[in-house]
Amino acid sequence: MVCIRQATVDDLLAMQSCNLMCLPENYQMKYYFYHILSWPQLLYVAEDNKKIVGYVLAKMEEESSECHGHITSLAVLRTHRKLGLATKLMSAAQRAMQEVFGADYVSLHVRKSNRAAFHLYTETLGYKINDIEAKYYADSEDAYDMRNMFHKPGKSKAAALKDKDSGGKKPSPTSVEKEKEKEKEKEKASKAPLEKKPHSKDKDKDPEGGGAPTNTNSRRGLKAVD
Amino acid sequence: MGGAVAERRLRPLWDAIESRQYKSALKLASALQSKHPDAPYVVVLKALVLERLGKPDEALALCRQAKDMQPIDDMTLKALQLVYHRLGLLEESTLAYENACSKDPGNMELLISFFNCHVRQCNYVKQQQVAMKIYKHTGEEKYLFWAVCSIYLQVRPGNAAEKQLLALAEALLKKRIDANGLHDLEGLRLYISLYLAQNRIEDALGLVKGEMGALFNIPIERLKLQGELLMQMHKYSDAVETYREILSISSDDWTAIIQFINASLELTGDCSTVDKVALQLSSLSLSANETLERLGKVADFISSLQRLETTELRRGPFLAMVEIEFRRLLHGSEGSNATMALAASILNYFQRFGHLAGFFSDVKPYLLVLDPRSQEWLVNQLAEDLAALADTAGPVQLLRKEISACQVQEYTGHLGGDPLEVVRRLVRLYKDNLKYSVNLDPEENILGEEFLVMAASLLVKLFLQTRQSTYFLEAAAVLEFGLHLRRFSSHFKVMLVSLYSSIFATSLAVEWFRTLDVKNILLESASHHILPLLLAAPHSSALLNDTVKFHDDSQHEVAEMTIMTYRHGNYSKIVEFLELKERLENSHHYLLVRVELSIFSLKDKVEELDALEATLAKLENGNDLLKWSSENRLATLSFNEDCESRPWWSPVPDQNFLARSSPCSTQEIATIFPSSKAKQAQVTATDHERWRASVKRRSLVPRLLYLSLNALSFEKDRDERREELRQHLEYYLKSLDRNWSTIDDFISECKVVSDHPVYKLKIPSHLILLLPQDEKLNLDVDAQLSILLFVLGWELASWSSSSEDRIVHLMALVGKTLTTGVTNLLQSCDDTLGFGTGMPALVKVITEPVSWLVLSAQAWTKKLQPSSKKKRRGPSEPSEDTRNASRIVDGLRGLVASTTSAIERVVLWLTKRSGSREEDEVEALLLLLRSGSGSGVVELLEGPSPFAAWKAEDLATRIVASQREEVSRLGEVCKSRLKILVKPKF
């Protein structure tokens, strides 16, 4: 029987095995590490008898004016489809985006051809098409850029939390610092490209930095993703 | 200083480095350096370019130069750190930072970089000191957490530091909180783990429940932790309340349901699977009546959860009823009524959720608890239920339920009737329902793939029972058919990889494996599907190098990732991450691959003794590998192989029923199929022990080879080396469950036979020696040969006039073992498909022991040849004169002659085999596939289908082509060995 829980670093191994049985998405370890070590609250796995049968990988975009989350990857084993797992995983990640980071909305990319995933996002989860990104994927397929606006109550709840704790507590005091640090990093990067090098590699896998990851296979079941 | 060079002057150099134009970068750097000889930054950049150009020594010299200039700007130091990191000299850049920090003590940026240096080196004590320094300067909470986390890492299990350090960490946090409060959830988690590390669960609980617990932004996470802690404290009634609360927020949380039940029954520990609950039985403190009463209350609450209105698809509260019946059976109720009640609850669950893909895996753990009568009842009920639905339910819904019912039948051994008829029925079910899959997205599974899996399994089972090739081929055909319609179905591929591996259709196995796209960490968890095949091959393959590269890369990345985690303040992940790092460093697979790559590097040099000796020298004459697999290293090995995805007939990589040479009994098969599938997921400690012994055995090979090759060359340290050889050999034997005396007896018994009068007529002994009838050793040919060869090495190292008889006999025995072994293996290869151990074993024999044999013979002959500088190059001992080298030389000649004839025999067989016409071989396979001797499933597969047609001929053609490829590859290896043997030296 499946349960949904936050991912641990150790789960990465099993998550990759899940990919083996499910989808060809076989990111570099660094990419998973980057997510789980930066936003551990946003990674959830579906576990069935000690076996990972699905997961969602998400992150925060804190640099833009509106604080929003982004679903990087969603996967459910073919053998565990149609059990509502994708919905549960997405809800968990979205809830964390709102409650931990006070996000205004969540975005994701999905292949135009991926009907099953598109259906899930629009019908079940309430996403709307925001834009179409031409040739987003490595195999030149277009992507829908989709968004799901969080309802105000969610936000005000996070805001209320802020106020309640108000010893200066923000939903994530670190996030402000992170932003600062990121800015710093950027500055440095412009100064010394040598430092950028290792980071920029990271960014290759980070869709915002380097476009779609190198996934040439067009088959991608219930996967959102970049 | 670095700042002395204007940015615009640096930019072209940066750009060149960015775009990896290192040659032009070097020119630019040199030009800048001549203009700014005192700028360490330029020196470091030049070092960096040189390192990238593969000139580590020059790079290092420049790094030293830059370091001696004592730079204090972060930019130069960071670049320096980068180069030192790549050169594997982390401590150097740490020193550079230390120096800079002492010169500019108020510079926080430098201190943070200095902290990062210690993170890279995993020096937790230094981390703590530097973090405290930063905290004192800045007063920022975050740096206090860095220090506390560094303390926690020192005390972590496996690290020796004193527990009282935790008290220090606690005091630091307390002081901070009293003055400023706590504002970070990760900080709170850190605080909690300090308490847990001291086993102060109550204090930890106090934090969770207290004011600071509000930091948990997701309330349910807080409740879950609270529940866990309460369970650990055995505060069951509080735990029951907590889990009720959790379930009223999230009623489908299975872990919470199980914990709720456990708390109600006052059970602790992990009770999520059937086996474990059984283990917990004895610790049940409640009476049977009390248990049943509480289960009644649990059921009431769960029923109320079932009635909650929600749009969510929830199975938890419904499966919980099955779990409750199971607990009733386990803890209280006796007799068959209880198992019937459990069966009835499963039937209930089927009626509600039988159409879902998760049904079978949900109820699987409970099925084997049922007694045969209730199993049968359940199976019949499922069938009735299906029949009743036939008119009302939609066809897809019905099909899904039929799959579930079939899975239950298979698992409980009720897929009865004539197995051939069952196979046909399953395939028909699949094909007849294809029409419902025509409109599915190409990335969706075809409905009913489970039927194909079951059919293939049954065919493999039939093959194992009868060893009839037809069944084997039919199984492959069924799986190929499935992949023909959906190319991504991994479970089909995994089974085919195993099937093809066992018939020497290497390229087919490799092809399917490649489509699994195994890379990155999957190299760790999934390589085992193909590894045995790759390791038995004559040459190394890319996958092995990929594994090493993956490990090297991730070791490099880990440090930067840890630094990032500190920056983001996710302390709980740092501990997890370091654990994963250690898990990867200690990986069994990684060790195995490195050992095998070393052995491959030796096999590649077999043709030239000098080249081989040079390669051995690179491995410190085999000592490197001994270090890799020292007892300490072996004890800490981690096993990351995910064996759950393996086919049932080979539950672990070194156990494969297909490789048997004779039919398996029904009982034997029953131990692995179908119902013990549940156990398959758990690789046991015994498996791990065997793998440890096996990797250790392999790591001995280069050293044994070295010692054996040089058996006649050791002089002063002869006794020591001989003793070492014997020790390694004893370990080698032990790892195969044999010992020195078994091998000694074996050799002696052969001696009796070779005392035959014919021997006295001076006929070369290898021609008349017979192996003892009772083969005490009972080892694979390659293992037996290796052992005898190394024993021969040991005997030669101990050569005295009194041991000459034994040496000569041993040489004859080695020759005889080889010729007999080869003959037997060739015979077993002679059936249509070359099933079983035949061909792969033959390859093993030729590529390893025969290669070592050829080399050893070469090395020993060289030493014994009268043309050598000394008359006789034996060890300079007084007994030298009494030894008769010509006897040994004769023995060696005999050994070379039998080796030659054995290899020639293989070549002859291979030539004959590749001489047959490809079309005839294809025809023969097709005949098997289409003859009436099998289940006749191919006819069904080739029949009309709404998808593209599939042809059995393609399959037969591919198998034949792949096997022929391997045959010719083995032919080449044999010929290369022969070439050495006919060299005039012998």
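Student: Is F150(A) buried or exposed?
Tutor: This is a predicted model, and the answer rests on relative accessibility. The cut-off for buried is under 20% relative accessible area. F150(A) has 11% relative accessibility, so F150(A) counts as buried.

Student: Where in chain A does F150(A) lie?
Tutor: Look at the elements on either side. Strand 7 of chain A covers 143-149, and helix 5 covers 152-164. F150(A) therefore belongs to neither range, under the DSSP runs used for helices and strands. Its place is the loop between strand 7 and helix 5.

Student: Which residues does F150(A) touch, not counting residues up to four places away in sequence?
Tutor: Leave out those residues up to four places away first. The list then opens with Q94(A), M97(A) and Q98(A), among others. Added to these are A103(A), D104(A), Y105(A) and V106(A).

Student: How far apart in space are F150(A) and V9(A), C-alpha to C-alpha?
Tutor: Sequence and space are two separate readings here. In sequence, F150(A) and V9(A) are 141 residues apart. In space, C-alpha to C-alpha, the value is 28 Å.

Student: How many residues of strand 3 of chain A are buried?
Tutor: Strand 3 of chain A takes in residues 51-61, which is eleven residues. The strand is mostly covered. The buried count is ten.

Student: How many bridges join strand 2 of chain A to strand 3 of chain A?
Tutor: Strand 2 of chain A is residues 44-48. Strand 2 and strand 3 of chain A run antiparallel. One bridge partner pair is A46(A) with G54(A). The number of bridges between the two strands is five.

Student: Which residue takes a positive phi in the hairpin of strand 2 of chain A and strand 3 of chain A?
Tutor: This hairpin has two residues between the strands. The phi in question is near 45°. The residue that takes it is N49(A).

Student: How many residues lie between strand 3 of chain A and strand 4 of chain A in their hairpin?
Tutor: Start with the pairing. Eight bridges join strand 3 of chain A to strand 4 of chain A, residues 68-76, and the two run antiparallel. Y55(A) stands opposite A75(A), and L57(A) has S73(A) as bridge partner. The number of residues between these strands is six.

Student: In which sense do strand 4 of chain A and strand 5 of chain A pair?
Tutor: Strand 5 of chain A is residues 105-111, and four bridges tie it to strand 4. H70(A) stands opposite S107(A) in strand 5 of chain A. The strand 4 side of this pairing is mostly covered, with nine of nine residues buried. The sense of the pairing is parallel.

Student: Is K82(A) buried or exposed?
Tutor: K82(A) is found in the loop between strand 4 and helix 3 (85-101) of chain A. Its phi is positive, about 60°, although K82(A) is not a glycine. The relative accessible area is 54%, and the cut-off is over 50%, so K82(A) is exposed.

Student: What is the relative accessible area of N621(B)?
Tutor: N621(B) lies in the loop between helix 33 (609-618) and helix 34 (623-628) of chain B. Its phi is positive at about 50°, although N621(B) is not a glycine. N621(B) is partly exposed, and its relative accessible area is 22%.

Student: How many helices are there in chain B?
Tutor: Take chain A as a reference: it has eight helices and seven strands. Chain B has zero strands. Its helices number 49.

Student: What percentage of the residues in chain B are buried?
Tutor: Chain B holds 986 residues. Its C-alpha trace spans about 95 × 90 × 55 Å along the principal axes. Chain B exposes about 40,400 Å². Buried residues make up 57%.

Student: How far apart are the mean positions of the positive and negative charges of chain B?
Tutor: Two sets of charges are averaged. Chain B has 116 positive and 128 negative charges. Their mean positions are apart by 5 Å.

Student: What is the mean pLDDT of chain A?
Tutor: Of the residues in chain A, 63% reach 70 or more. The mean pLDDT of chain A is 70.

Student: Over which residues of chain A is the pLDDT below 50?
Tutor: The stretch still has 162 contacts in the model, beyond near neighbours in sequence. With pLDDT below 50, the stretch is residues 154-226.

Conventions. Residues are numbered from 1 along each chain as its sequence is written. Chains are lettered from A and ligands numbered from 1 in the order in which they are written. This is a predicted model: local features need pLDDT of at least 70, side-chain atom pairs count only at pLDDT 80 or more; totals for chains, interfaces and linings use all residues. Side-chain values use heavy atoms; hydrogens and water are left out. pLDDT is the predictor's confidence in each residue, from 0 to 100. Contact means heavy atoms within 4.5 Å. Buried means under 20% relative accessible area, exposed over 50%, partly exposed in between (1.4 Å probe, protein chains only). Two strands pair if DSSP finds at least two bridges between them. Accessible areas come from the Shrake-Rupley method with a 1.4 Å probe; for residues, only the protein chains shown count as cover. Lys and Arg count as positive and Asp and Glu as negative; His and the chain ends are not counted. The place of a charge is taken as NZ of Lys, CZ of Arg, CG of Asp or CD of Glu.
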